[in-house]
Amino acid sequence: MRDLIDAAMKARLRAHAPYSNFLVGAAMRDEHGHIHGGCNIENASYPQGWCAEPSAISALVMAGSRRITEVAVMGNGSTLCTPCGGCRQKIREFASAEVKIHCCTETGELIQTFTLEELLPFSFGPENLA
Ligand code: THU
């Protein structure tokens with residue numbers, strides 16, 4: 001878990017968040033054990049910005065992976081920063097219900113761990129289209 005949290009902290013420092021000043025870092029472990037980081041990237045046309053989680057998912061997919069097995073995320077300071085609703089659904093595409101999502105402080109201390117099922121109950125996923 002430490003390696004994942006450290007990767008999220010490192011990714012957070014790359015955030016482009018000049019409008020909110022809320023820097024977010026996320027890291028995702030794939031089915032091969034490899035870690036992929038991502039940060040939020042805001043835009044002068046505000047709605048065009050995106051969250052840290054899709055950045056990490058993009059890195060994971062581009063590396064040739066297709067499963068998320070563990071997630072770490074942090075925002076500013078020590079208030080709980082859980083993935084937003086849209087990000088929960090994006091994680092859902094590649095993760096099963098029991099995947100752990102570690103929410104941490106800016107300095108990498110663990111605040112709380114959730115399962116994806118806890119954050120996104122009764123979810124809609126790829127199986128629904130099978
Ligand atoms: N943000 C994320 O990167 N991930 C989340 O799950 C919550 C929100 C970003 C989006 C925006 O750049 C900033 O945090 C403030 O909302």
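The following conversation goes through the ligand site, several individual residues and one helix of this structure.

Reader: What kind of model is this, and how are the residues numbered?
Author: This is a predicted model, in which local features need pLDDT of at least 70, side-chain atom pairs count only at pLDDT 80 or more, and totals for chains, interfaces and linings use all residues. Residues are numbered from 1 along each chain as its sequence is written, and side-chain values use heavy atoms, with hydrogens and water left out.

Reader: Let us start with the ligand. Which residues are around the ligand?
Author: They are S20, F22, V24, N40, E42, C51, A52, E53, T82, P83, C84 and C87. A residue is counted here if one of its heavy atoms lies within 4 Å of the ligand.

Reader: Which polar atoms lie close to the oxygen and nitrogen atoms of the ligand?
Author: A polar side-chain atom of E42 is 2.5 Å from a ligand oxygen, and a polar backbone atom of C84 is 2.8 Å from an oxygen atom of the ligand. For E53, an N or O atom of the side chain lies 2.9 Å from a ligand nitrogen. A polar contact is a pair of N or O atoms within 3.5 Å; within protein, one must be able to donate a hydrogen and the other to accept it, and residues adjacent in sequence count only if both atoms are side-chain atoms.

Reader: And how much of the ligand does the protein bury?
Author: The protein buries 76% of the 380 Å² that the ligand exposes when taken alone. These areas come from the Shrake-Rupley method with a 1.4 Å probe; for residues, only the protein chains shown count as cover.

Reader: N40 was on that list. Where is N40 found?
Author: N40 is in the loop between β2 (35–39) and α2 (52–62). Helices (H or I, at least four residues) and strands (E, at least two) are DSSP runs, numbered from the N terminus.

Reader: Is N40 buried or exposed?
Author: N40 is buried, because its relative accessibility is 5%. Buried means under 20% relative accessible area, exposed over 50%, and partly exposed in between (1.4 Å probe, protein chains only).

Reader: What does the side chain of N40 reach?
Author: A polar atom of the N40 side chain lies 2.8 Å from the backbone oxygen of F22. The N40 side chain also reaches the backbone nitrogen of V24 at 3.0 Å. Leaving aside neighbours within four places in sequence, N40 is in contact (heavy atoms within 4.5 Å) with residues including A15, H16, W50 and C51.

Reader: H16 appears there. Where does H16 lie, and how exposed is it?
Author: H16 lies in the loop between α1 and β1, and counts as partly exposed at 38% relative accessibility. Beyond four places in sequence, H16 is in contact with N40, I41 and E42.

Reader: What about N21, in the loop between α1 (2–12) and β1 (25–30)?
Author: N21 has a phi near 55 degrees, a positive value in a residue other than glycine. Most residues other than glycine have a negative phi. N21 is exposed, with a relative accessible area of 51%.

Reader: Which other residue has a positive phi?
Author: F122 is one of them, with phi near 50 degrees. F122 is in the segment after α4 (116–119) and counts as exposed at 84% relative accessibility.

Reader: Changing topic to α2: which of its residues are buried?
Author: The buried residues of α2 are A52, E53, P54, S55, A56, I57 and L60. These buried residues pack against β1, β2, β3 and α3 (85–92).

Reader: And what follows α2?
Author: α2 is followed by G64, whose phi is positive, near 95 degrees.

Reader: Where does E70 lie, and what does its side chain join?
Author: E70 lies in strand β3 (residues 68–74), and a polar contact of 2.7 Å joins the side chains of E70 and H102. E70 is buried, with a relative accessible area of 14%.

Reader: Lastly, where is T105 found, and which residues does T105 touch?
Author: T105 is found in the loop between β4 (100–104) and β5 (110–115). Not counting residues up to four places away in sequence, T105 touches M74, G77, S78 and I111. T105 is buried, with a relative accessible area of 7%.
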